[in-house]
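Biologist: Please take a close look at one part of this model, the pockets. I would like their size, their lining and the residues around them.

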Amino acid sequence: MKDDLDVLLEEYLENSEFQKEWENLEPEFNAIQALIDARKSKNMTQRELAQRTGIDQADISKIETGNGNPTLQLLKRLADGLDMILKLEFVPK
């Protein structure tokens with residue numbers, strides 16, 4: 001069953017300008033969600049991840065809310081802290 005947010009998003013995506021911006025930001029959204037999902041799959045809090053990586057918890061929060069701009073090196077540190085590898089791939093359009 002779709003929630004109100006899904007219904008609203010579908011309505012907004014009918015607007016071509018909104019759809020273009022959404023598609024431009026989709027890789028960022030996917031990266032953020034992947035980090036959140038990975039952390040939760042390990043039953044780890046942001047604070048615990050911060051302790052394991054030496055990255056400030058506030059910085060992890062900024063990344064997860066889309067207010068940070070992490071480098072690949074920082075993402076690798078987060079992956080290491082999650083006992084995972086960072087996988088970046090290019091796929092055909």
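Modeller: What follows covers the two largest pockets and then two residues of a helix that lines both.

This is a predicted model, where local features need pLDDT of at least 70, side-chain atom pairs count only at pLDDT 80 or more, and totals for chains, interfaces and linings use all residues. Residues are numbered from 1 along each chain as its sequence is written, and side-chain values use heavy atoms, with hydrogens and water left out.

Rolling a probe the size of a water molecule over the atoms shows where empty space is left. A pocket here is an open set of points on a 1 Å grid over the protein atoms alone, where a 1.4 Å probe fits, with protein on both sides within 12 Å along at least five of seven lines; lining residues have an atom within 4 Å of a point.

Start with the largest pocket. About 820 Å³ of space lies in it. That volume is the space filled by probe spheres set on the points, with grid points joined across faces, edges and corners. The lining has 25 residues. Nearest the centre lie Asn30, Ala31, Ala34, Leu75 and Leu86. Helices H2 and H5 (72–81) each supply at least two lining residues. Helices are DSSP runs (H or I, at least four residues), numbered from the N terminus. The largest share, 9 residues, comes from H2. By class, the lining holds 18 nonpolar, 3 polar and 4 charged residues. Nonpolar covers Ala, Val, Leu, Ile, Met, Phe, Trp, Tyr, Cys and Pro; charged covers Asp, Glu, Lys and Arg; the others, Gly among them, are polar.

The second largest pocket has a volume of about 150 Å³. Leu5, Asp6, Leu8, Leu9, Tyr12, Phe18 and Trp22 line it. Helix H1 (4–12) gives the most, with 5 residues. H2 also supplies at least two. This lining has 6 nonpolar residues, no polar ones and 1 charged.

Now to H2 itself, which spans residues 16–41. Glutamine 19 lies in this helix. Glutamine 19 counts as partly exposed because its relative accessibility is 34%, between the limits for buried (under 20% relative accessible area) and exposed (over 50%), with a 1.4 Å probe and protein chains only. Its C-alpha atom is 9.7 Å from that of leucine 9, 10 residues apart along the chain. Leucine 9 is one of the residues lining the second largest pocket.

Arginine 39 is also found in H2. At 9% relative accessibility, arginine 39 counts as buried. Not counting residues up to four places away in sequence, arginine 39 touches Met44, Thr45, Gln46, Leu49, Glu64 and Leu82. Contact means heavy atoms within 4.5 Å.
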